[in-house]
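Grab a pencil and work through these exercises with the model open beside you. Try each task yourself before reading its solution.

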Amino acid sequence: MLSPDTLALAGIALYQRWLSPHKGFRCAHAAFYGGTSCSVAIAQTIRAEGLSLSAITVRLAACREAYGHLQITGGPRVRGVCCCGPLPIPFRYG
């Protein structure tokens, strides 16, 4: 039987390989702060700490905050949110 960590990493890998390249936008955290996207950062967290829901929630909350900054500062255009978790995750074009 596969561990929850392995299943989560496999899900992220599938998302990165098949969905992310076709959606045409990236997470607000990467758009506002630069650096890695949430999917990369969360995969790194899972590899380092295991499936830590508190650490993942912190990252997703930071992404949501970055979305707010982008709206206030008139940063890159933001395109909606992904609601596949406890927090809505904003995305932008480009």
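**Exercise 1. Is histidine 69 buried, partly exposed or exposed?**

Keep in mind as you go that this is a predicted model.

Step 1: Find the residue. Histidine 69 belongs to helix 4.

Step 2: Recall the cut-offs. A residue is buried under 20% relative accessible area, exposed over 50%, and partly exposed in between.

Step 3: Apply them. Histidine 69 has a relative accessible area of 28%, so the residue is partly exposed.

Step 4: Look at the company it keeps. Once you skip the neighbours within four places in sequence, histidine 69 is in contact with Phe32 and Tyr33. Phenylalanine 32 sits 37 residues away along the chain, yet the C-alpha atoms of histidine 69 and phenylalanine 32 are 7.6 Å apart.

**Exercise 2. Describe the protein chain as a whole.**

Step 1: Count the elements. You should get four helices and three strands.

Step 2: Put them in order. Walking along the sequence gives α-β-α-α-α-β-β.

Step 3: Ask how much is tucked away. The protein chain has 94 residues, and 29% of them are buried.

Step 4: Turn to the surface. About 5700 Å² is accessible, and carbon and sulfur atoms supply 62% of that.

Step 5: Check how far contacts reach along the sequence. Take the contacts with a separation of 6 or more: 57% of them link residues 24 or more positions apart.

**Exercise 3. Work out how helix 3 and helix 4 run relative to each other.**

Step 1: Locate the pair. Helix 3 covers residues 38-49 and helix 4 covers residues 53-73.

Step 2: Compare the axes. They come within 10 Å and cross at roughly 160 degrees.

Step 3: Bring in the cut-off. Angles over 145 degrees count as roughly antiparallel. Helix 3 and helix 4 are therefore roughly antiparallel to each other.

Step 4: Add the handedness. Helix 3 and helix 4 cross in a right-handed way.

Step 5: Name some residues that meet. Helix 3 brings residues including Ala41, Ile42 and Thr45, while helix 4 brings residues including Ile56, Arg59 and Leu60.

**Exercise 4. Do the same for helix 1 and helix 3.**

Step 1: Start with the axes again. Those of helix 1 and helix 3 come within 10 Å, with a crossing angle of roughly 160 degrees.

Step 2: Draw the conclusion. Helix 1 is therefore roughly antiparallel to helix 3.

Step 3: Find the handedness. Helix 1 passes helix 3 in a left-handed crossing.

Step 4: List some of the residues in contact. Among them are Leu9, Ile12 and Tyr15 from helix 1, and Ile42, Ala43 and Ile46 from helix 3.

**Exercise 5. Place isoleucine 42 and alanine 43, then decide whether each is buried or exposed.**

Step 1: Isoleucine 42 is part of helix 3, and alanine 43 is in helix 3 too.

Step 2: Use the buried cut-off, which is under 20% relative accessible area. Isoleucine 42 comes in at 12%, so it counts as buried. Alanine 43 has 5% relative accessibility, so this residue also counts as buried.

Step 3: See what isoleucine 42 touches. Leaving out residues up to four places away in sequence, you find Ile12, Ile56, Arg59 and Leu60. For a sense of distance, the C-alpha atoms of isoleucine 42 and threonine 57 are 9.5 Å apart, with their positions 15 residues apart in the chain.

Step 4: Now try alanine 43. Beyond its neighbours within four places in sequence, alanine 43 is in contact with Leu9 and Ile12. From C-alpha to C-alpha, alanine 43 and isoleucine 12 are 7.0 Å apart, although they are 31 residues apart in sequence.

**Exercise 6. Describe the surroundings of serine 3.**

Step 1: Serine 3 lies in the segment before helix 1, which spans 4-23.

Step 2: Its relative accessibility is 32%, so serine 3 counts as partly exposed.

Step 3: Look for a side-chain partner. The side chains of serine 3 and threonine 6 share a polar contact of 2.9 Å.

Step 4: Finish with a distance. Serine 3 and leucine 51 are 48 residues apart in sequence, and their C-alpha atoms are 9.8 Å apart.

Conventions:
Residues numbered from 1 in each chain as written. Predicted model: local features only at pLDDT ≥ 70, side-chain atom pairs only at ≥ 80, totals over all residues. Heavy atoms only, no water. Helix = DSSP H or I, 4+ residues; strand = E, 2+ residues; numbered from the N terminus. Buried < 20%, exposed > 50% of the residue type's maximum accessible area, 1.4 Å probe, protein only. Contact = heavy atoms within 4.5 Å. Areas by Shrake-Rupley, 256 points an atom, 1.4 Å probe, with all protein chains shown as cover. Polar contact = N/O pair within 3.5 Å; in protein donor to acceptor, adjacent residues only side chain to side chain. Axes fitted to C-alpha atoms, helices over the stretch in contact; angles between N-to-C directions. Parallel < 35°, antiparallel > 145°, perpendicular 65-115°, else oblique. Left-handed = near helix turned anticlockwise from the far one by under 90°.
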